[in-house]
Amino acid sequence: MLNKAILMGRLTRDPELRHTPSNTPVASFTLAIDRGRKDPSGNKQTDFIDCVAWSRQAEFVSQWFTKGMLAIVVGRIQSRNWEDKNGSKRISIEVVCDEVSFGETKKSREENGYASSGGSYDRAPQGGSNYSAPAAPAFDLPTGSSDFAELSDDDDEGDVPF
């Protein structure tokens, strides 16, 4: 059987890190993913997908991801049965993450006017700020003599460069 989900979306809130009774880290977060089309009244359609990461992946997510960040998740879809506080049986569908990675570079986030502050990822206030992004791994390519060239994010340029 095949069960593989690949998603890219923005976190709707900061990841919530908890630990199981055996002290295994587990992080829960939700991705907002646009469907790419509008409803009949012209509004964007968005799906909100619950995700769960375990162990080292959970610690990574809780340390480096905050509300509003673009994330790429690879995992499997899983259902879970549980009882609410009224005793009603419920079912939750979630993606159990095998991989979680950054969907954009730190430089791209800064160019789009985002700043990280106090554990959340929101638009920086107008008129300057004292915000500083937390130290995150650098994923930008080094400059200098390299076979790689930076490509524009503009989709209207037409030809692929190879």
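Here are a few exercises with worked solutions on the structure above, which is a predicted model.

**Exercise 1. Work out the fold pattern: how many helices and strands does the chain have, and in what pattern do they follow along the sequence?**

Step 1: count the elements. The chain comes to 2 helices and 8 strands.

Step 2: read them off in sequence. That gives β-β-β-β-α-β-β-α-β-β.

Step 3: look at the contacts. Taking the contacts in the chain with a separation of 6 or more, 53% are between residues 24 or more positions apart.

Step 4: add the surface. Of the 162 residues in the chain, 27% are buried. The chain exposes about 11800 Å², and carbon and sulfur atoms supply 48% of that area.

**Exercise 2. Find V73: which strand holds it, and is it buried or exposed?**

Step 1: place the residue. V73 belongs to strand β5, residues 70–83.

Step 2: check its accessibility. V73 counts as buried because its relative accessibility is 0%, and the cut-off for buried is under 20%.

Step 3: list what surrounds it. Setting aside neighbours within four places in sequence, V73 is in contact with A5, I6 and L7, with F29 and L31, and with V95, C97, E99 and V100.

Step 4: pick one partner and get the backbone distance. V73 and V100 are 27 residues apart along the chain, yet their C-alpha atoms are separated by 4.6 Å.

**Exercise 3. C97 has just turned up in that contact list. Decide why C51 and C97 are not bonded to each other.**

Step 1: recall the chemistry. A disulfide is a covalent bond between the sulfur atoms of two cysteines.

Step 2: search the whole structure. The search finds 0 disulfides.

Step 3: check the distance. The closest cysteine sulfur to that of C51 is in C97, 4.7 Å away, so it is too far for a bond; the cut-off is 2.5 Å. Seen from the other side, C97 is in no disulfide, and its nearest cysteine sulfur is that of C51.

Step 4: see where the pair sits. C51 is buried at 2% relative accessibility, and C97 is buried too, with a relative accessible area of 7%.

**Exercise 4. Describe the second largest pocket: what is its volume, and which strands each supply at least two residues of its lining?**

Step 1: get the volume. The second largest pocket has about 240 Å³.

Step 2: go to the middle. Its lining has 16 residues, and the closest to the pocket's centre are R18, S28, V52, R80 and E94.

Step 3: map the lining onto the strands. At least two lining residues come from each of β2 (16–19), β3 (25–38), β4 (44–54) and β6 (89–102).

Step 4: sort by class. The lining of this pocket splits into 6 nonpolar, 5 polar and 5 charged residues.

**Exercise 5. Look at the backbone of N23 and S55: what is the sign of phi in N23 and in S55?**

Step 1: set the expectation. Most residues other than glycine have a negative phi.

Step 2: read the angles. N23 has a positive phi of about 70 degrees, although it is not a glycine. S55 is also not a glycine, and its phi is positive, near 55 degrees.

Step 3: find their places. N23 lies in the loop between β2 and β3, while S55 is in helix α1, residues 55–64.

Step 4: check accessibility. N23 is exposed, with a relative accessible area of 54%, whereas S55 counts as partly exposed at 34%.

Methods. Residues numbered from 1 in each chain as written. Predicted model: local features only at pLDDT ≥ 70, side-chain atom pairs only at ≥ 80, totals over all residues. Heavy atoms only, no water. 1 Å grid on protein atoms, 1.4 Å probe; cavity = no way out; pocket = protein on both sides within 12 Å on 5 of 7 lines; lining within 4 Å. Points joined across faces, edges and corners; volume = space filled by probe spheres on them. Helix = DSSP H or I, 4+ residues; strand = E, 2+ residues; numbered from the N terminus. Nonpolar A, V, L, I, M, F, W, Y, C, P; charged D, E, K, R; others polar. Buried < 20%, exposed > 50% of the residue type's maximum accessible area, 1.4 Å probe, protein only. Contact = heavy atoms within 4.5 Å. Areas by Shrake-Rupley, 256 points an atom, 1.4 Å probe, with all protein chains shown as cover.
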